[in-house]
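Below is a short report on charged pairs, a nonpolar core and one buried polar side chain. Keep the structure open while you read.

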Amino acid sequence: MLYLAQICKNDFLGQYQLRLLARQESEYLWSILSEDTCILLAKGSIMNEKVLVLVELSPTGEIATIEDATSWVLYLVQTYLKTGITPEFLQQEAEKAEQWRQSLTLQNQDLARRTLELEARREQIQALQESIQRDHNGHQEGN
């Protein structure tokens, strides 16, 4: 699983550690970790404090890879922030999409209702035609 982490020094142990900040849930969905989770790095590891890194953890919680997050953060800025995509904008777009969904649902329900009404009218017309045909045939037999 991929995490965004910050390198910090554990002064008590004299080792560097990763403080996990966020976890990737899917390709475009990340969740902020609410509790402080730290992973100690191997003794002798020398890192720059406060640097953000992307860390891949194995299913057992072992560090698979660590890479500097600078290019990833710049990609986010270039892709989402350069064009002014803000959380407010995304919220507005989500609300618009929900309104469209509701409108389409109502239109679909109205269309289904009209279809049922037309089918009922068609059946009434067909029954009336059959009745007229019977009356006409019965009238002709009477002559």
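The structure holds eight salt bridges. A salt bridge here is a side-chain nitrogen of Lys or Arg within 4 Å of a carboxyl oxygen of Asp or Glu. Side chains of opposite charge can pair when their charged atoms come close.

This is a predicted model: local features need pLDDT of at least 70, side-chain atom pairs count only at pLDDT 80 or more, and totals for chains, interfaces and linings use all residues. Residues are numbered from 1 along each chain as its sequence is written, and side-chain values use heavy atoms, with hydrogens and water left out.

**Salt bridges**

Three of the pairs are listed here, including their N to O distances.

| Pair | N to O distance |
|---|---|
| Arg19 and Asp36 | 3.6 Å |
| Arg23 and Glu25 | 2.9 Å |
| Arg113 and Glu117 | 2.7 Å |

Take Arg19 and Asp36, which meet in a salt bridge. Arg19 sits in strand 2 and Asp36 in strand 3, so the pair ties together parts 17 residues apart in sequence. Strands are DSSP runs of E, at least two residues; helices are runs of H or I, at least four; both are numbered from the N terminus. Arg19 is partly exposed at 26% relative accessibility. Asp36 is exposed at 60%. The classes are buried (under 20% relative accessible area), exposed (over 50%) and partly exposed (in between), with a 1.4 Å probe and protein chains only.

Arg23 is partly exposed at 26%. Its partner Glu25 is also partly exposed, at 40%.

Arg113 and Glu117 both lie in helix 2 (residues 87-142). They are four residues apart, about one turn of the helix. Both are partly exposed: Arg113 at 40%, Glu117 at 34%. A network of salt bridges links these two with Asp110 and Arg114.

**Nonpolar core**

The largest nonpolar core has 12 residues, among them Tyr3, Leu33 and Val55. Such a core is a set of buried Ala, Val, Leu, Ile, Met, Phe, Trp, Tyr and Cys residues joined through side-chain atoms within 4.5 Å. Strand 1 (2-10), strand 2, strand 3 (29-40) and strand 4 (52-57) each supply at least two of its residues.

Leaving aside neighbours within four places in sequence, Leu33 is in contact (heavy atoms within 4.5 Å) with Tyr3, Leu20, Leu21, Ala22 and Arg23.

**Gln17**

Is Gln17 buried or exposed? Gln17 is buried, at 11% relative accessible area. Gln17 belongs to strand 2 (residues 15-26). Residues that Gln17 touches, beyond four places away in sequence, include Cys8, Cys38 and Leu40.
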